[in-house]
Amino acid sequence: MINVIGLGYIGLPTALMMASHGVEIVGTDYNRKLVDTLNAGKTTFKEKGLDELFAEAVKAGIKFTTEYQVTDTYIVSVPTPYDKFSKKIDACYVVSAVKDVMKVCPKGATVVIESTVSPGTIDRFVRPIIEENGFRIGKDLHLVHAPERIIPGNMVYELLHNNRTIGADDNAIGEKVAKAYASFCQGDIVVTDIKTAEMTKVVENTFRAVNIAFANELAKICRHDGMDVYEIIRICNMHPRVNILQPGPGVGGHCISVDPWFLVGDYPALTKVIWESMKVNDSMPEFVLGRVYEIMREKGMKDPRRVGLYGLTYKENVDDYRESPTLQLLEYQKTHLAEPLKVYDPFITEDLVENQYHDLDRFLADVDLVVIMVKHNEIKENMNKLADKTVLDCHHICDLPGVYHL
Ligand code: SAJ
């Protein structure tokens, strides 16, 4: 039996996937409300294919509880935020989960950390807890790092098909854990050491953050000098060794906008490119607001209450709004004591911010300038509704005449 600790955006799909492939799974989360929701037969977030996977896993006998289990394998999948001041990883959730595992875990068990952690985190924070509890790592207990790689919006497919990295002190233990993941994972599974596995995960997300920052910086250069950044990126990407990502209104989520800071926090003197990239990405919501004011001036629009932000989530077709560019923009606006703009997102049903709408038509009726912050399918399918609006399209998805870009 495997006890999956943490039933959030990564832990839940992982637990469901393993259960639906015949592995006996108990999922544990300290959030009673979340566990009650799952036990009531409902998933806790929206994700393509998740409800179907949930049904299969329930049929296969998956259990959800707030209790840690006595078993031989634990998979820890809890969040790893960063400290906003030092930029270093805040490993408190991993530490507390491992401490709780130690209370029940028998000798000979394997503890797999799936949470993204910076290189050296397992050495610094996890090993000491295990040793303090009287376990000899490698003898009484095995420690493994198996960083997750799935992308929100396509998690179920990527769980099945992505290649994976397993880090272990002992290759044989790594191979054993790789076999457990191979119960569902059709990709290649590479076994390496723990610190290498930690670093690869952070590097992957940092690569993407730096590439997005490059695209965002190009957007600013092109805006400054009247060039079309999308056409330029399109042509550059026809070169066989160039692959630039897309500019956007900012970078959100709990991965790309967080993990690169771990490297900045741990290696401040060595992370010039990464540091500047993160600053460029963080500057984008403010840049969008600047564009809004420019467009209002150009159009002779006086009333900011007629400006609406389409999209609150951190990216398209997900309901996750952590670190979202729209929230960053609203926060920035608040610090300047400006009247909050109107906001609408089809994926956010609760009231999250001021002036929020829950109906696209009502939202559109109350605004003249629409800022496309998130490229949800809904807006792509309803472009005709923007025909009489002024549009600032931060994602280059709208081909209406006269549309403004970043
Ligand atoms: N974005 C851009 N331009 C682009 C691509 C993305 O501005 O060209 C923005 C998005 O709008 C979003 C942010 O970046 O705000 C991040 O979105 P994303 O789709 O790039 O990535 P995440 O954060 O949803 O998921 C990433 C993935 N990592 C990589 O692609 C290297 C995923 O595989 C990881 O599993 C995940 O982080 C994670 O959990 O670490």
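Strand S4 (residues 73-76) and strand S5 run parallel and are joined by 4 bridges. Within this pair, Thr73 stands opposite Thr110 of S5. The model that shows this arrangement is a predicted one. In general, the strands of a sheet pair through backbone hydrogen bonds, in either a parallel or an antiparallel manner.

Strand S5 deserves a further look. It covers residues 109-113, and 5 of its 5 residues are buried, so the strand is largely enclosed by the rest of the structure. In a regular strand, side chains alternate between the two faces of the sheet. In S5, Ala109, Val111 and Ile113 point one way, whereas Thr110 and Val112 point the other way, and all are buried.

A helix may be enclosed as well. Of the 10 residues of helix H1 (residues 11-20), 9 are buried, so this helix is largely enclosed by the rest of the structure. Its buried residues are Gly11, Leu12, Pro13, Thr14, Ala15, Leu16, Met17, Met18 and Ala19. After H1 comes Gly22, which has a positive phi near 90 degrees.

Attention may now turn to another sheet. This open sheet has 6 strands in the order S11-S10-S9-S12-S13-S14, and the pairing is parallel. Which strands stand at its edges? They are strand S11 (356-357) and strand S14 (404-405); each has a single partner strand, so one side of each is left without a neighbour in the sheet. The partner of S11 can be followed in detail: strand S10 (residues 342-344) pairs with S11 in the parallel sense over 2 bridges. Here Tyr344 stands opposite Tyr357 of S11.

Strand S12 (residues 369-372) belongs to the same order of strands, where it stands between S9 and S13. Strand S9 (residues 307-310) runs parallel to S12, and 4 bridges join the two. One of the residues of S9, Tyr310, has Ile372 in S12 as its bridge partner. Strand S13 (residues 390-393) also pairs with S12 in the parallel sense, again over 4 bridges. Between these two strands, Leu369 has Thr390 in S13 as its bridge partner. Both faces of S12 are covered: Leu369 and Val371 on one side, and Val370 and Ile372 on the other, are all buried.

The next subject is the ligand. There are 20 residues around the ligand, and those that come nearest are Glu148, Arg149, Lys201, Arg208 and Tyr314. Three of these residues can be described by their polar atoms. A polar backbone atom of Arg149 is 2.7 Å from an oxygen atom of the ligand. For Lys201, an N or O atom in the side chain is 2.6 Å from an oxygen atom of the ligand. For Tyr314, a polar side-chain atom lies 2.5 Å from an oxygen atom of the ligand. On its own, the ligand has 780 Å² of accessible area, and the protein covers 87% of this area.

Which parts of the chain supply the shell around the ligand? At least three residues come from each of domain 1 (2-197) and domain 2 (241-405). Helix H8 (residues 194-224) gives the most to the shell, with 5 residues. Sorted by class, the shell has 9 nonpolar, 4 polar and 7 charged residues.

Several single residues complete the picture. Two of them have a positive phi without being glycine. Lys87 has a phi near 70 degrees, a positive value in a residue other than glycine. It is found in the loop between S4 and helix H4 (92-104). Is Lys87 buried or exposed? Its relative accessibility is 17%, and since buried means under 20%, Lys87 counts as buried. Glu323 is not a glycine either, yet it has a positive phi of about 55 degrees. Its place is in the loop between S9 and helix H12 (325-335). With a relative accessible area of 28%, Glu323 is partly exposed.

Two further residues show how positions along the chain relate to positions in space. Arg127 has its place in helix H5 (residues 121-132), and at 16% relative accessibility Arg127 counts as buried. Arg127 and Tyr293 are 166 residues apart along the chain, and their C-alpha atoms are separated by 52 Å. Gly138 is found in the loop between H5 and strand S6 (141-145), and its relative accessible area of 44% makes Gly138 partly exposed. Gly138 and Ala168 are 30 residues apart along the chain, and their C-alpha atoms are separated by 9.7 Å.

How values were computed. Residues are numbered from 1 along each chain as its sequence is written. This is a predicted model: local features need pLDDT of at least 70, side-chain atom pairs count only at pLDDT 80 or more; totals for chains, interfaces and linings use all residues. Side-chain values use heavy atoms; hydrogens and water are left out. A residue is near a molecule or strand if one of its heavy atoms lies within 4 Å of it. A polar contact is a pair of N or O atoms within 3.5 Å; within protein, one must be able to donate a hydrogen and the other to accept it, and residues adjacent in sequence count only if both atoms are side-chain atoms. Accessible areas come from the Shrake-Rupley method with a 1.4 Å probe; for residues, only the protein chains shown count as cover. Ala, Val, Leu, Ile, Met, Phe, Trp, Tyr, Cys and Pro count as nonpolar, Asp, Glu, Lys and Arg as charged, and the others, Gly among them, as polar. Domain bounds come from an automatic or database domain assignment. Buried means under 20% relative accessible area, exposed over 50%, partly exposed in between (1.4 Å probe, protein chains only). Two strands pair if DSSP finds at least two bridges between them.
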